[in-house]
Amino acid sequence: MYQGFYHFTEMPFSLTPNTDFFCALAPHNEALKVILSALSMSEGFIKVTGEVGTGKTLLCRKLINHLSDKFVACYLPNPYLTPDELRIAFANELGIDTVKDTVPQQGLHSAIENKLLTLKKEGRQAVLIIDEAQSLSWDALEMLRLFSNLETEKSKLLQIVLFGQPELDNNLSNPKVRQIRQRISFSYTLRNMTSAEVDYYIGHRLTTAGGSEQLISKGLRAFIALVTRGTPRLVNIVCHKILLRAYGQGKESANWLHTVNAVFDTDDCKRRLVPRQSVVILSIAVLAVASVLHFYGTPGL
(Lines give C-alpha, C1' and ligand atoms only; values in the text may rest on other atoms or scores of the structure.)
Protein backbone atom coordinates (compact mmCIF):
# COMPACT_ATOMS: atom_id res chain seq x y z
CA MET A 1 0.00 0.00 0.00
CA TYR A 2 1.04 3.65 -0.42
CA GLN A 3 1.41 4.42 3.31
CA GLY A 4 5.15 3.78 3.42
CA PHE A 5 5.76 5.18 -0.07
CA TYR A 6 4.37 8.61 0.90
CA HIS A 7 5.76 8.45 4.47
CA PHE A 8 2.37 8.42 6.18
CA THR A 9 2.20 7.37 9.81
CA GLU A 10 -1.32 6.08 9.11
CA MET A 11 -3.74 5.99 6.21
CA PRO A 12 -5.03 9.56 5.66
CA PHE A 13 -8.35 8.75 4.01
CA SER A 14 -9.57 5.72 5.90
CA LEU A 15 -13.36 5.51 6.31
CA THR A 16 -12.95 4.57 9.96
CA PRO A 17 -14.16 7.53 12.09
CA ASN A 18 -10.79 8.31 13.71
CA THR A 19 -11.08 11.38 15.96
CA ASP A 20 -7.38 12.15 15.39
CA PHE A 21 -8.47 13.36 11.95
CA PHE A 22 -11.33 15.51 13.23
CA CYS A 23 -11.25 18.67 11.13
CA ALA A 24 -12.43 21.85 12.83
CA LEU A 25 -14.72 23.00 10.03
CA ALA A 26 -17.72 25.26 10.59
CA PRO A 27 -20.55 22.69 10.37
CA HIS A 28 -18.97 20.22 12.77
CA ASN A 29 -17.75 22.91 15.18
CA GLU A 30 -21.20 24.49 15.23
CA ALA A 31 -22.90 21.13 15.82
CA LEU A 32 -20.51 20.35 18.68
CA LYS A 33 -21.18 23.74 20.29
CA VAL A 34 -24.95 23.26 20.00
CA ILE A 35 -24.76 19.85 21.68
CA LEU A 36 -22.44 20.99 24.46
CA SER A 37 -24.58 24.08 25.13
CA ALA A 38 -27.72 21.95 25.34
CA LEU A 39 -26.01 19.47 27.67
CA SER A 40 -24.82 22.29 29.94
CA MET A 41 -28.44 23.45 30.27
CA SER A 42 -29.67 19.92 31.06
CA GLU A 43 -32.02 19.81 28.09
CA GLY A 44 -33.72 16.44 27.58
CA PHE A 45 -33.51 15.60 23.86
CA ILE A 46 -30.92 16.86 21.37
CA LYS A 47 -30.97 15.93 17.68
CA VAL A 48 -28.29 16.10 14.99
CA THR A 49 -29.16 15.09 11.44
CA GLY A 50 -27.14 14.95 8.23
CA GLU A 51 -27.03 13.18 4.90
CA VAL A 52 -25.12 9.93 4.44
CA GLY A 53 -21.37 10.51 4.69
CA THR A 54 -21.43 13.97 6.31
CA GLY A 55 -19.43 12.85 9.36
CA LYS A 56 -22.10 12.17 11.98
CA THR A 57 -20.36 9.14 13.51
CA LEU A 58 -17.03 10.96 13.72
CA LEU A 59 -18.79 13.91 15.38
CA CYS A 60 -20.51 11.48 17.73
CA ARG A 61 -17.19 10.00 18.86
CA LYS A 62 -15.60 13.44 19.09
CA LEU A 63 -18.42 14.46 21.41
CA ILE A 64 -17.82 11.46 23.67
CA ASN A 65 -14.10 12.26 23.89
CA HIS A 66 -14.87 15.94 24.52
CA LEU A 67 -17.25 15.44 27.45
CA SER A 68 -15.91 16.32 30.88
CA ASP A 69 -15.88 13.95 33.86
CA LYS A 70 -19.17 15.50 34.93
CA PHE A 71 -20.90 13.45 32.23
CA VAL A 72 -21.30 9.68 31.96
CA ALA A 73 -21.53 8.89 28.24
CA CYS A 74 -23.59 5.85 27.24
CA TYR A 75 -22.99 5.14 23.54
CA LEU A 76 -25.28 2.91 21.47
CA PRO A 77 -23.97 2.58 17.88
CA ASN A 78 -26.53 -0.08 16.91
CA PRO A 79 -30.16 1.13 17.01
CA TYR A 80 -31.64 -2.13 15.68
CA LEU A 81 -32.87 -3.08 19.14
CA THR A 82 -36.15 -4.15 20.67
CA PRO A 83 -37.26 -2.12 23.71
CA ASP A 84 -35.95 -4.83 26.05
CA GLU A 85 -32.62 -4.96 24.19
CA LEU A 86 -32.40 -1.17 24.32
CA ARG A 87 -33.00 -1.20 28.07
CA ILE A 88 -30.36 -3.90 28.60
CA ALA A 89 -27.82 -2.11 26.38
CA PHE A 90 -28.37 1.16 28.24
CA ALA A 91 -28.07 -0.59 31.62
CA ASN A 92 -24.79 -2.21 30.53
CA GLU A 93 -23.43 1.19 29.53
CA LEU A 94 -24.32 2.48 32.98
CA GLY A 95 -22.37 -0.38 34.54
CA ILE A 96 -25.43 -2.26 35.81
CA ASP A 97 -25.10 -6.05 35.97
CA THR A 98 -27.90 -7.30 33.73
CA VAL A 99 -27.47 -11.00 34.44
CA LYS A 100 -30.94 -12.39 35.16
CA ASP A 101 -29.96 -13.78 38.57
CA THR A 102 -28.68 -10.36 39.60
CA VAL A 103 -31.32 -8.00 38.19
CA PRO A 104 -34.75 -9.38 37.21
CA GLN A 105 -35.85 -8.07 33.83
CA GLN A 106 -38.96 -6.50 35.30
CA GLY A 107 -36.79 -4.59 37.77
CA LEU A 108 -34.26 -3.31 35.25
CA HIS A 109 -36.05 -0.01 34.71
CA SER A 110 -35.96 0.62 38.46
CA ALA A 111 -32.27 -0.31 38.56
CA ILE A 112 -31.58 2.23 35.80
CA GLU A 113 -33.50 4.93 37.65
CA ASN A 114 -31.62 4.20 40.88
CA LYS A 115 -28.30 4.37 39.04
CA LEU A 116 -29.23 7.70 37.48
CA LEU A 117 -30.26 9.05 40.88
CA THR A 118 -26.94 7.93 42.35
CA LEU A 119 -25.04 9.69 39.57
CA LYS A 120 -27.07 12.86 40.12
CA LYS A 121 -26.23 12.83 43.85
CA GLU A 122 -22.56 12.54 42.87
CA GLY A 123 -22.92 15.66 40.71
CA ARG A 124 -22.73 13.69 37.47
CA GLN A 125 -25.08 13.57 34.49
CA ALA A 126 -25.84 10.56 32.29
CA VAL A 127 -25.98 11.15 28.54
CA LEU A 128 -27.39 8.50 26.20
CA ILE A 129 -25.90 8.95 22.72
CA ILE A 130 -27.53 7.00 19.88
CA ASP A 131 -26.00 6.81 16.40
CA GLU A 132 -28.04 5.95 13.26
CA ALA A 133 -31.16 6.91 15.21
CA GLN A 134 -33.30 6.92 12.06
CA SER A 135 -33.40 3.12 12.40
CA LEU A 136 -35.04 3.12 15.83
CA SER A 137 -38.37 1.29 15.85
CA TRP A 138 -41.55 2.94 17.11
CA ASP A 139 -41.39 0.79 20.24
CA ALA A 140 -37.75 1.72 20.84
CA LEU A 141 -38.63 5.40 20.50
CA GLU A 142 -41.37 4.91 23.06
CA MET A 143 -38.80 3.36 25.41
CA LEU A 144 -36.65 6.46 24.98
CA ARG A 145 -39.64 8.59 25.93
CA LEU A 146 -40.01 6.58 29.11
CA PHE A 147 -36.32 7.07 29.85
CA SER A 148 -36.73 10.82 29.36
CA ASN A 149 -39.45 10.84 32.04
CA LEU A 150 -36.85 10.01 34.67
CA GLU A 151 -36.27 13.24 36.55
CA THR A 152 -36.11 14.96 39.90
CA GLU A 153 -38.18 17.99 40.83
CA LYS A 154 -35.46 20.24 39.42
CA SER A 155 -33.74 18.46 36.55
CA LYS A 156 -33.63 15.55 34.17
CA LEU A 157 -31.79 12.42 35.26
CA LEU A 158 -30.94 11.60 31.65
CA GLN A 159 -30.16 13.55 28.50
CA ILE A 160 -30.50 11.90 25.10
CA VAL A 161 -28.58 12.86 21.93
CA LEU A 162 -29.84 11.42 18.64
CA PHE A 163 -27.62 11.29 15.55
CA GLY A 164 -29.36 10.28 12.34
CA GLN A 165 -29.99 10.69 8.65
CA PRO A 166 -32.80 13.01 7.42
CA GLU A 167 -35.19 10.06 7.68
CA LEU A 168 -35.06 10.64 11.44
CA ASP A 169 -36.96 13.90 10.95
CA ASN A 170 -39.57 12.04 8.90
CA ASN A 171 -39.97 9.45 11.65
CA LEU A 172 -40.32 12.10 14.34
CA SER A 173 -43.02 13.89 12.34
CA ASN A 174 -45.30 10.90 12.89
CA PRO A 175 -48.08 11.56 15.44
CA LYS A 176 -47.07 8.33 17.21
CA VAL A 177 -43.98 10.03 18.60
CA ARG A 178 -45.20 13.62 18.93
CA GLN A 179 -44.30 13.62 22.63
CA ILE A 180 -40.63 13.02 21.78
CA ARG A 181 -40.70 15.59 18.98
CA GLN A 182 -41.99 18.24 21.38
CA ARG A 183 -39.19 17.46 23.85
CA ILE A 184 -36.40 18.10 21.33
CA SER A 185 -35.32 21.57 22.34
CA PHE A 186 -32.03 21.71 20.40
CA SER A 187 -31.32 20.38 16.92
CA TYR A 188 -28.72 20.87 14.23
CA THR A 189 -28.48 19.81 10.57
CA LEU A 190 -25.01 19.06 9.22
CA ARG A 191 -24.35 20.48 5.77
CA ASN A 192 -21.79 19.37 3.19
CA MET A 193 -18.44 21.13 2.94
CA THR A 194 -17.87 24.13 0.71
CA SER A 195 -15.10 24.05 -1.91
CA ALA A 196 -12.77 25.99 0.41
CA GLU A 197 -13.55 23.57 3.24
CA VAL A 198 -12.79 20.56 1.02
CA ASP A 199 -9.45 22.14 0.14
CA TYR A 200 -8.61 22.57 3.83
CA TYR A 201 -10.01 19.13 4.74
CA ILE A 202 -7.80 17.27 2.25
CA GLY A 203 -4.71 19.21 3.30
CA HIS A 204 -5.52 18.61 6.96
CA ARG A 205 -5.84 14.85 6.55
CA LEU A 206 -2.65 14.60 4.49
CA THR A 207 -0.57 16.50 7.05
CA THR A 208 -2.21 14.84 10.07
CA ALA A 209 -1.13 11.50 8.63
CA GLY A 210 2.44 12.80 8.32
CA GLY A 211 2.41 13.44 4.57
CA SER A 212 2.74 16.47 2.33
CA GLU A 213 -0.11 18.73 1.26
CA GLN A 214 1.44 18.81 -2.20
CA LEU A 215 0.46 15.20 -2.85
CA ILE A 216 -2.92 16.47 -4.06
CA SER A 217 -2.73 19.95 -5.56
CA LYS A 218 -5.26 22.74 -5.03
CA GLY A 219 -6.47 22.42 -8.61
CA LEU A 220 -7.27 18.75 -8.05
CA ARG A 221 -8.94 19.54 -4.73
CA ALA A 222 -11.29 22.01 -6.39
CA PHE A 223 -12.32 19.33 -8.88
CA ILE A 224 -12.79 16.81 -6.04
CA ALA A 225 -15.03 19.32 -4.23
CA LEU A 226 -17.14 19.65 -7.38
CA VAL A 227 -17.71 15.96 -8.04
CA THR A 228 -18.24 14.97 -4.39
CA ARG A 229 -20.37 18.03 -3.58
CA GLY A 230 -18.42 18.33 -0.35
CA THR A 231 -19.49 15.00 1.17
CA PRO A 232 -16.63 13.97 3.51
CA ARG A 233 -16.99 10.22 2.92
CA LEU A 234 -16.88 10.63 -0.87
CA VAL A 235 -13.88 12.96 -0.56
CA ASN A 236 -12.09 10.23 1.41
CA ILE A 237 -12.97 7.52 -1.11
CA VAL A 238 -11.85 9.57 -4.12
CA CYS A 239 -8.61 10.76 -2.48
CA HIS A 240 -7.76 7.20 -1.44
CA LYS A 241 -8.22 6.00 -5.03
CA ILE A 242 -6.17 8.92 -6.36
CA LEU A 243 -3.23 8.06 -4.11
CA LEU A 244 -3.51 4.39 -5.05
CA ARG A 245 -3.18 5.29 -8.72
CA ALA A 246 -0.32 7.70 -8.13
CA TYR A 247 1.48 5.09 -6.03
CA GLY A 248 0.88 2.45 -8.73
CA GLN A 249 2.79 4.62 -11.19
CA GLY A 250 5.48 5.54 -8.68
CA LYS A 251 4.58 9.24 -8.83
CA GLU A 252 5.57 11.66 -6.07
CA SER A 253 2.23 13.45 -6.36
CA ALA A 254 -1.17 12.94 -7.99
CA ASN A 255 -2.11 14.33 -11.40
CA TRP A 256 -5.28 14.89 -13.40
CA LEU A 257 -5.25 11.44 -14.96
CA HIS A 258 -5.19 9.79 -11.53
CA THR A 259 -7.99 12.06 -10.36
CA VAL A 260 -10.29 11.59 -13.34
CA ASN A 261 -9.85 7.82 -13.21
CA ALA A 262 -10.62 7.82 -9.48
CA VAL A 263 -13.77 9.88 -10.00
CA PHE A 264 -15.14 7.63 -12.73
CA ASP A 265 -14.36 4.62 -10.55
CA THR A 266 -16.65 6.03 -7.83
CA ASP A 267 -20.30 5.58 -8.77
CA ASP A 268 -21.80 8.36 -6.64
CA CYS A 269 -19.36 10.91 -8.05
CA LYS A 270 -19.82 9.70 -11.60
CA ARG A 271 -23.59 9.98 -11.33
CA ARG A 272 -23.41 13.45 -9.83
CA LEU A 273 -21.01 14.75 -12.47
CA VAL A 274 -23.14 13.90 -15.51
CA PRO A 275 -26.43 12.27 -16.43
CA ARG A 276 -26.05 8.51 -16.56
CA GLN A 277 -26.56 8.25 -20.33
CA SER A 278 -23.65 10.65 -20.94
CA VAL A 279 -21.10 8.93 -18.74
CA VAL A 280 -19.44 6.90 -21.47
CA ILE A 281 -19.10 9.80 -23.91
CA LEU A 282 -17.83 12.28 -21.34
CA SER A 283 -15.45 9.82 -19.70
CA ILE A 284 -13.76 9.14 -23.05
CA ALA A 285 -13.41 12.87 -23.71
CA VAL A 286 -12.13 13.73 -20.24
CA LEU A 287 -9.69 10.84 -20.17
CA ALA A 288 -8.36 11.89 -23.56
CA VAL A 289 -7.76 15.46 -22.34
CA ALA A 290 -6.24 14.19 -19.11
CA SER A 291 -3.88 11.93 -21.04
CA VAL A 292 -2.67 14.87 -23.11
CA LEU A 293 -2.15 16.99 -20.00
CA HIS A 294 -0.28 14.16 -18.35
CA PHE A 295 1.99 13.67 -21.36
CA TYR A 296 2.89 17.34 -21.88
CA GLY A 297 2.71 18.39 -18.24
CA THR A 298 0.53 20.98 -16.55
CA PRO A 299 2.64 23.69 -14.88
CA GLY A 300 1.03 25.11 -11.79
CA LEU A 301 -1.45 22.26 -11.32
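A residue is called buried when its relative accessible area is under 20%, exposed when over 50%, and partly exposed in between (1.4 Å probe, protein chains only). By that rule, buried residues make up 46% of the 301 residues in the protein. The model is a predicted one, in which local features need pLDDT of at least 70 and side-chain atom pairs count only at pLDDT 80 or more, while totals for chains, interfaces and linings use all residues. Residues are numbered from 1 along each chain as its sequence is written, and side-chain values use heavy atoms, with hydrogens and water left out.

**Overview**

Begin with a cartoon view, which should display 14 helices and five strands. Helices (H or I, at least four residues) and strands (E, at least two) are DSSP runs, numbered from the N terminus. Contact means heavy atoms within 4.5 Å. Of the contacts in the protein with a separation of 6 or more, 73% are between residues 24 or more positions apart.

**The sheet**

Select the five strands next. They form an open sheet in the order S2-S3-S4-S1-S5, with parallel pairing; two strands pair if DSSP finds at least two bridges between them. Strand S2 (71-76) and strand S5 (184-190) stand at the edges with a single partner strand each, so one side of each is left without a neighbour in the sheet. On average, neighbouring strands of this sheet are turned by 15° against each other, direction ignored.

Zoom in on S2 and strand S3 (residues 125-130), which run parallel and are joined by six bridges. Ala73 stands opposite Val127 in S3. Now add helix H4 (residues 83-93), which packs on the sheet and touches S2, S3 and strand S4 (158-164); its direction makes about 140° with that of S2. Such axes are lines fitted to C-alpha atoms, for helices over the stretch in contact, and angles run from 0 to 180 degrees between N-to-C directions.

**Helices H3 and H6**

Show the side chains of H3, whose buried residues are Lys56, Leu58, Leu59, Cys60 and Leu63. These pack against H2 and against S1, S2, S3, S4 and S5.

Move to helix H6 (residues 138-148), where the buried residues include Leu141, Leu144, Arg145 and Phe147. The partners of the buried residues of H6 are strand S1 (45-50), H4, helix H5 (108-121), S3, S4 and helix H8 (178-183).

In the loop between H6 and S4, select Thr152. Thr152 is partly exposed, with a relative accessible area of 30%. Not counting residues up to four places away in sequence, Thr152 touches Leu117 and Leu157.

**An aromatic cluster**

Select Tyr2, Phe5, Tyr6, Phe8 and Tyr247, which ring pairs link into a cluster. Rings of Phe, Tyr and Trp (its six-membered ring) pair if their centres lie within 6.5 Å; planes under 30 degrees apart count as stacked, over 60 as edge-to-face and the rest as tilted. The count by this rule is seven aromatic pairs. The rings of Tyr2 and Phe8 have centres 6.1 Å apart and planes at 75°, so the pair is edge-to-face. Tyr2 and Phe8 are both buried.

**A last stop: Glu30**

Finally, select Glu30 in helix H2 (residues 26-40). Glu30 is partly exposed, with a relative accessible area of 40%. Its C-alpha atom and that of Thr189 are separated by 9.8 Å, although the two residues are 159 residues apart along the chain.
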